[in-house]
Structure formats: structure tokens, C-alpha cells
Protein chains: 2
Amino acid sequence: MPTLAGFAATAALIADPARSAMLHALLGGEALTAGELARIAGVAPPTASAHLAQLVAGGLVVVHQQGRHRYHRLASEEVAAALESLGCLAALSDAAAVSRPRRPWPHGEAFRTARLCYDHLAGRIGVGLHARITGAGWLAPAPGGWRLTEAGTERLAALGLDLDAARQARRFACDCMDWSERRPHLAGGLGRELAQALLRRGWLRRAAPQCGGEGDPFARRRLTPTPEGARALRESFGLDLAA
Amino acid sequence: MPTLAGFAATAALIADPARSAMLHALLGGEALTAGELARIAGVAPPTASAHLAQLVAGGLVVVHQQGRHRYHRLASEEVAAALESLGCLAALSDAAAVSRPRRPWPHGEAFRTARLCYDHLAGRIGVGLHARITGAGWLAPAPGGWRLTEAGTERLAALGLDLDAARQARRFACDCMDWSERRPHLAGGLGRELAQALLRRGWLRRAAPQCGGEGDPFARRRLTPTPEGARALRESFGLDLAA
DNA sequence: CCATCGCTTCGGTGGCGCGCGAAACAGCGC
DNA sequence: GCGCTGTTTCGCGCGCCACCGAAGCGATGG
């Protein structure tokens with residue numbers, strides 16, 4: 001019964017530090033095994049197993065057995081969206097607590113520049129692209145999200161996006177509130193294909209997991225623009241990453 | 001420091017049933033006293049006081065002392081948006097758990113028809129108006145949300161919205177994911193003025209708190225369309241509430 | 001000035017749930 | 001077959017947190 005109980009129960013799933021770290025790592029979009037998640041969360045395998053069972057029962061995570069490994073993924077885009085909006089809220093209240101808005105973030109500005117939110121782009125580049133793409137009339141509002149215009153079809157196909165694959169998704173294009181920028185970025189099938197295209201083109205690259213190593217849930221989500229990508233983003237979209 | 005800790009800490013604030021009930025009641029948009037919230041949550045005054053102190057410290061709630069009463073409100077629109085998206089997620093996982101999507105909701109279809117989400121409209125009427133208003137070209141996408149078009153300025157002013165007041169808000173118009181409908185409704189200053197206008201016109205009315213009484217956090221949010229309002233919504237927006 | 005009311009602080013109690021180690025189980029390779 | 005690895009189940013300890021009653025504090029009203 002979707003009532004107050006379910007409301008609080010779902011929040012309780014996210015509230016535990018170990019589960020929170022797991023969910024955060026899964027926001028990178030990859031499917032991770034129970035053992036990897038245990039190391040990331042810093043708990044023993046039995047503990048991680050119990051946590052994962054709860055996340056699966058709660059519908060936040062789906063599991064896919066392959067041999068003796070069990071791969072865990074976020075259950076849906078809605079989960080990613082809720083986690084981001086919750087993080088946005090946490091960022092707000094943290095800023096209020098120190099009464100100094102937008103103080104530099106210990107985890108590195110790089111994370112704010114570009115990262116994966118489940119399967120689509122987030123961070124400055126994510127919200128910047130969202131603003132340019134919608135502002136340029138490539139997308140038009142549609143019930144429940146966005147639809148492609150003629151101009152958008154042409155330009156995005158030229159960028160190398162697989163628009164047919166995007167249309168296969170349950171939701172074609174919609175907004176997802178960005179945690180660090182507090183403005184929307186593009187989610188849905190189109191958001192996924194946009195991220196894929198930029199990675200394929202070599203404009204963005206998954207960051208090397210050097211800082212913090214495997215135990216760092218942030219590392220799995222961080223993206224860095226290549227020099228070539230930074231130039232292309234500036235020329236094609238007017239995005240100045242230094243700003 | 002907005003990091004994993006803040007992430008989980010904010011979720012933990014929402015996770016407790018008593019705090020969850022309080023937050024839910026505050027989604028009605030009214031400022032409530034500590035005593036009222038204690039009764040709503042079904043706990044003793046000292047317990048409620050401790051909970052409220054945590055919510056205030058966490059930045060989810062702001063308090064305003066007036067005489068011997070302490071009035072509590074949600075801290076911001078972002079809090080409301082995060083609560084709705086979390087509720088959306090809970091509704092999804094509940095539906096998955098019973099493996100029967102969209103089963104009738106024990107708390108009454110009325111809550112799905114129309115309710116307040118903080119200060120703006122939610123439910124079928126909320127998402128319906130969002131779709132019609134954006135689909136009709138009254139709003140156009142803008143960085144971070146929506147801007148008024150000429151047509152929209154004319155038509156919404158004719159509806160009795162105070163557009164100047166809407167522009168005073170920190171955010172003029174943006175989307176907020178609807179818990180029950182899982183599609184966006186209109187938030188921001190314009191969303192608030194839209195709700196105010198429909199209430200002023202008598203198209204919607206705050207539901208009488210009969211069912212459940214004061215202890216029912218849902219009662220404070222429920223709205224019902226008047227017969228006149230249902231007719232007007234059908235004629236002006238093509239919204240058929242029976243569907 | 002005292003009674004009342006709303007709210008908070010303080011101390012003590014209880015229970016939920018996170019944590020681990022040990023052991024059982026399943027897949028895989030030799 | 002046997003050992004190795006990844007994962008789950010079981011049992012138990014411990015810590016945190018929600019909860020209440022009683023008392024303290026500030027504001028209101030007669």
C-alpha cells in the first residue's frame with residue numbers, strides 16, 4: 001500500500017550509510033557484484049548481502065545472476081532521479097548549516113564538472129547541454145517530458161546519437177534535477193544516448209579510479225572532458241568549462 | 001560537507017515514521033504548531049519537539065515563533081520536490097512488491113485527483129494543467145524551467161493569476177515530479193499563483209478534514225473540485241476528471 | 001501575582017537493526 | 001573428485017535512537 005509507511009520505509013533504505021554508499025556507487029550506471037559493493041561500502045560480505053537483499057525487496061535495485069556472481073543495478077531511472085533530488089536537498093541543507101552557500105566541495109570540482117547520473121550526464125556539462133538543447137529549440141515540451149523537433153532530429157543525429165535506440169526507452173526525454181547545480185539535466189532514452197555518444201566520440205572519458213580507489217563510490221561516476229571534447233563543447237554549444 | 005554523510009543523514013531524517021508524518025502534513029503548505037504536529041504524528045509533545053529540532057537542524061523545516069506558539073513550515077520548494085520524488089519512488093516499489101501496478105489506493109481516489117504539494121497543485125489536475133499549459137504554448141522552455149509566452153501571459157492573467165507576484169519567487173516556473181501520477185506538475189512562483197487563483201475562483205476547495213480528523217496528515221493536503229470548477233476545467237482545459 | 005498553557009530539557013527505558021564470525025551453499029577450474 | 005571463490009544463512013552482541021514522565025521555562029490572561 002503506497003502510504004505513509006512506504007514513504008518512510010523507502011527513505012529508511014537510503015538512510016543507512018552502507019546502503020547509501022552502495023546506491024551512490026550504482027549511480028555510475030554499471031552493474032556491480034555483491035563483493036565489489038561490500039568493499040565500496042566498507043562492510044563485510046554478509047553485511048552487504050543483507051543490505052542488498054533489502055534494497056532488492058524495496059524495489060530500488062534489481063539483481064541479475066551470472067555464474068557465481070550476482071550483478072546489481074539500480075532498478076529504474078526514477079530511483080536515480082529520487083537519489084539526485086535527495087542529494088540536492090542534502091547539499092542545500094549542508095550549505096545552510098555552514099551559512100555559506102556554495103562553499104568549495106572537498107570531493108573535488110571535477111565531480112561538479114561532469115559525472116554520470118545512472119546512465120545520463122550530470123554536472124555542469126549536463127545542465128549546460130540541457131539548457132542549450134532546449135533553448136535552441138531542438139526539443140519542445142511534450143506531455144511528461146520533451147519531444148524532438150526537426151532541427152533537433154537533424155543536429156543530434158549529426159552528433160552521432162542513436163535516436164531510434166532512444167525511442168525504445170520507456171521515457172524518451174525528461175528532466176532530472178541536478179544534485180550539484182540544482183538545475184535540471186536531460187534524462188530518459190535521449191539522455192542515455194547523449195552520454196553514450198559523447199563517450200564514443202571521446203569528448204568525455206570515465207575518470208581513472210585513482211583517487212580513493214575502489215572504495216570510493218564517487219570515482220565510479222566521475223567523468224572528465226578530454227582536451228578535444230572541451231574544445232568541441234565550447235565551439236558547438238558555447239559551453240565554457242572554466243566558468 | 002555535502003558528501004555521502006549528508007546524503008544519508010537527510011534520508012534518515014525522512015525515514016522515521018513520526019517525522020515522515022510531520023513532513024507529509026507540512027506538504028499541505030500551512031505552518032503548523034509543535035502541538036498540532038505532535039497529535040498528527042501520534043507522539044507525545046516531548047518526542048515531537050525532539051523530532052522538530054532535528055528537522056530544523058537538518059534544514060528541512062523552518063520555525064517561526066509567535067507568542068507561545070512555534071509555527072513550523074517546510075524550508076523550501078526543494079524539500080517539497082524531494083519529498084514528492086521520494087513518494088513517487090515509494091509508490092513504484094510498492095506497486096512492484098504487489099506485482100500489480102496501479103492498484104486502487106486505500107486512501108481514496110480523491111487524493112489522486114487534486115492535492116497541494118507545498119504551495120502548488122498536484123494530482124491529476126496538477127499534471128493535467130501542466131500538460132495543457134505547456135502543450136498549448138503558454139510556456140516555453142527556459143534555462144532552469146519555463147518562461148511565459150505572450151499567449152500564456154494573456155490567458156493566465158485572464159484566469160486571475162497574479163503574474164507579478166509569481167515573478168517575485170526565487171524560481172518562476174519549474175517542474176516537480178508528481179508522486180501519484182509520475183508525471184511532472186507545475187511548481188515555482190507560477191505554480192503557487194495558479195493554485196491560489198483556482199482556490200480564489202472557487203474551482204477548487206480545501207477538503208473538509210472529516211476523514212481521519214486532525215490526526216490524518218493526508219487531510220491537510222486534499223483538494224476537491226467544486227461542480228463549477230469541474231465544469232470550468234473541462235471547458236477551458238479539456239480536463240475530464242472522470243477519466 | 002498566580003494559574004494556565006505551550007513547549008522544551010532531562011533521565012531512564014526499551015527495542016530495532018547494524019555489525020561480525022562461523023558455517024553452509026553454489027559455480028567454477030583443475 | 002577436490003579445492004577455491006563468491007555469496008548467503010544463522011546466531012548473537014552491542015550501540016543508537018525513539019519514546020515517555022516529570023520537571024523547568026517563557027508567555028498569556030485574569
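**Figure 1. Sugar-phosphate and base atoms of DNA strand D at the protein surface in the predicted model.** Sugar or phosphate accounts for 76% of the strand D atoms that lie within 4 Å of the protein, and bases supply the rest. The strand is surrounded by 20 residues, the closest being Gly35(A), Ser49(A), Arg70(A), Ala44(B) and His51(B). By residue class, this surface comprises 8 polar, 7 nonpolar and 5 charged residues.

**Figure 2. Contacts to phosphate oxygens of DNA strand D from Ala34(A), Arg70(A) and His51(B).** A polar side-chain atom of His51(B) is placed 2.5 Å from a phosphate oxygen. For Arg70(A), an N or O atom of the side chain lies 2.8 Å from a phosphate oxygen. Ala34(A) approaches through its backbone, with an N or O atom 3.5 Å from a phosphate oxygen. Elements giving two or more residues to the surface near strand D are α3 (34-41), α4 (45-57) and β3 (69-74) in chain A, and α2 (17-26) and α4 (45-57) in chain B. The largest share, 4 residues, is that of α4(B).

**Figure 3. Cysteines Cys88(A), Cys117(A) and Cys176(A).** The whole structure contains 0 disulfides over all chains. Why is Cys88(A) without a bond to Cys176(A)? The closest cysteine sulfur to that of Cys88(A) belongs to Cys176(A) and is 9.9 Å away, which is too far for a bond. Cys88(A) is buried, at 3% relative accessibility. Cys117(A) likewise takes part in no disulfide; the sulfur of Cys176(A), the nearest from a cysteine, is 4.0 Å away, whereas a disulfide requires sulfur atoms within 2.5 Å. Cys117(A) is buried, with a relative accessible area of 0%.

How values were computed: Residues are numbered from 1 along each chain as its sequence is written. Chains are lettered from A and ligands numbered from 1 in the order in which they are written. This is a predicted model: local features need pLDDT of at least 70, side-chain atom pairs count only at pLDDT 80 or more; totals for chains, interfaces and linings use all residues. Side-chain values use heavy atoms; hydrogens and water are left out. A residue is near a molecule or strand if one of its heavy atoms lies within 4 Å of it. A polar contact is a pair of N or O atoms within 3.5 Å; within protein, one must be able to donate a hydrogen and the other to accept it, and residues adjacent in sequence count only if both atoms are side-chain atoms. Ala, Val, Leu, Ile, Met, Phe, Trp, Tyr, Cys and Pro count as nonpolar, Asp, Glu, Lys and Arg as charged, and the others, Gly among them, as polar. Buried means under 20% relative accessible area, exposed over 50%, partly exposed in between (1.4 Å probe, protein chains only).
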